[in-house]
Amino acid sequence: LMAAAPSALAAYDFQRDGASSVSFGGQTARLQMADEIYDDMNSPDSTKDLLMQKFNDGTGFTSDPSLDESGKNVGGKTASGCLYGENEEAIQRLNAMIEDYADNVVPNWEAEAADGSPGVLSDDARTINVNAKGWEVDQTFQKSLIGAFALDQIVNNYIDACKLDSGTKQDDNTNGVTAEGKPYTSMEHAWDEAFGYLYGQEEDATADLSTPSGSGTLLNKYLKKVSAGDVAPGISDDVFKAFVAGRQAIVDGDYAARDAQAKIIKVDLSKVIGAMVVNYLEAYLEEKADTPADAIHSLSEGYGFVFSLPFTNDGDGKPYFTQEEVDGILEKMDNFWTIKEEDVQAVIDQVNERFGFSAPAAEEEEAPASSDDGR
């Protein structure tokens, strides 16, 4: 059977013996879990024990009773892709953000924030709750998850050869050997799981998703934003077509074609992280004089996207920024009360150069970011 040309494949819709061979229910569950944890990190009623239980154990959810029964969790799939291996430092930092929120932000919900004191920051644009360093922790946390969880599971795990070709997956796929009791091969399923981490909250996953809905709080939302901006316009169309063509290549047993499509996805989804670093850090510099709370909101989002940079993949199995490089950046960004404008600008310049963003990012659609409430 000849593979259909990518342009002829308008939908992520694959069948075996008359039944869909696509399955990513676990990914949808984890994305929903991440959304509820985010909501909890916007509430003064949240407790540390329940937040940690939801993140690490995958139980205690109220938005959908089936989540507790899914056997899934977010924490166990964070910073753990097979390509780079477990990033224990990143995992500890994310857990520390949850603890900081519950231990310090919640008890000071009505207090006035200052350097060293968690509390409320307010201006004409928004009111936020911050920690002692001025971080809006729900934002630093959720934006960090976009790289350390959603992106990492896609580009450094499920579409990488470390997962796709592990064990007997390639021989089984070539010979049409399906997973036990399932209508898909293990390789097909791995690719579908990557698809699910990006599109798992779409109303109809078999629709044309070249422009995603922006559902949820993680990567889908920001792929839509970046694709509509000036830094990487139209990027979502390339990503969707590559997902469809790569899945077809797996059906056809054409692993060189599969890997070529995987490379497109790795590079383009990594660009989402870089573009949002630039977008939010520029928004911070523009907003800080007139709307300081709004500026801190943007800086918190920018911090999380910087945190996400070591989980990018340049298509050749390397991150655009190493963990060591990012540690150096985050050290300079650590205290939002005393952060230097020149240090923020240096990060913007470095990211633009490293990703090869030629358009000045200031011309990017003025903040899908700044008007965004982060939700």
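Me: What is found on the other side of α13, buried or exposed residues?

Reply: In this predicted model, Glu324, Glu331 and Lys332 are exposed there. Gln323, Val326, Ile329 and Leu330 of α13 (residues 323-332) are buried.

Me: What puts those buried residues on the same side of α13?

Reply: They cover an arc of only 120° around the axis, so they share one side of α13. The buried residues pack against α4 (88-105), α12 (292-308) and α14 (341-355).

Me: Why is the contact of Arg258 and Asp165 called a salt bridge?

Reply: The N to O distance between the two side chains is 2.9 Å, and the cut-off is within 4 Å, so the pair qualifies. Arg258 belongs to helix α11 (residues 255-287) and Asp165 to the loop between α6 (161-164) and α7 (169-174), 93 residues apart.

Me: Why does Arg258 count as buried?

Reply: Its relative accessibility is 0%; buried means under 20%, so Arg258 falls in that class. Asp165, at 25%, counts as partly exposed, because its value lies between 20% and 50%.

Me: How do you know that Asp316 is exposed?

Reply: Its relative accessible area is 53%, and exposed means over 50%, so Asp316 meets the cut-off. Asp316 forms a salt bridge with Lys263 (3.1 Å, N to O). Asp316 lies in the loop between α12 and α13 and Lys263 in helix α11, so the pair ties together parts 53 residues apart in sequence.

Me: What makes Asp268 and Lys271 a salt bridge?

Reply: Their closest N and O atoms are 3.8 Å apart, which is within 4 Å, so the pair counts. Both residues lie in helix α11, 3 residues apart, about one turn of the helix.

Conventions:
Residues numbered from 1 in each chain as written. Predicted model: local features only at pLDDT ≥ 70, side-chain atom pairs only at ≥ 80, totals over all residues. Heavy atoms only, no water. Buried < 20%, exposed > 50% of the residue type's maximum accessible area, 1.4 Å probe, protein only. Helix = DSSP H or I, 4+ residues; strand = E, 2+ residues; numbered from the N terminus. Arc of directions from axis to C-beta. Contact = heavy atoms within 4.5 Å.
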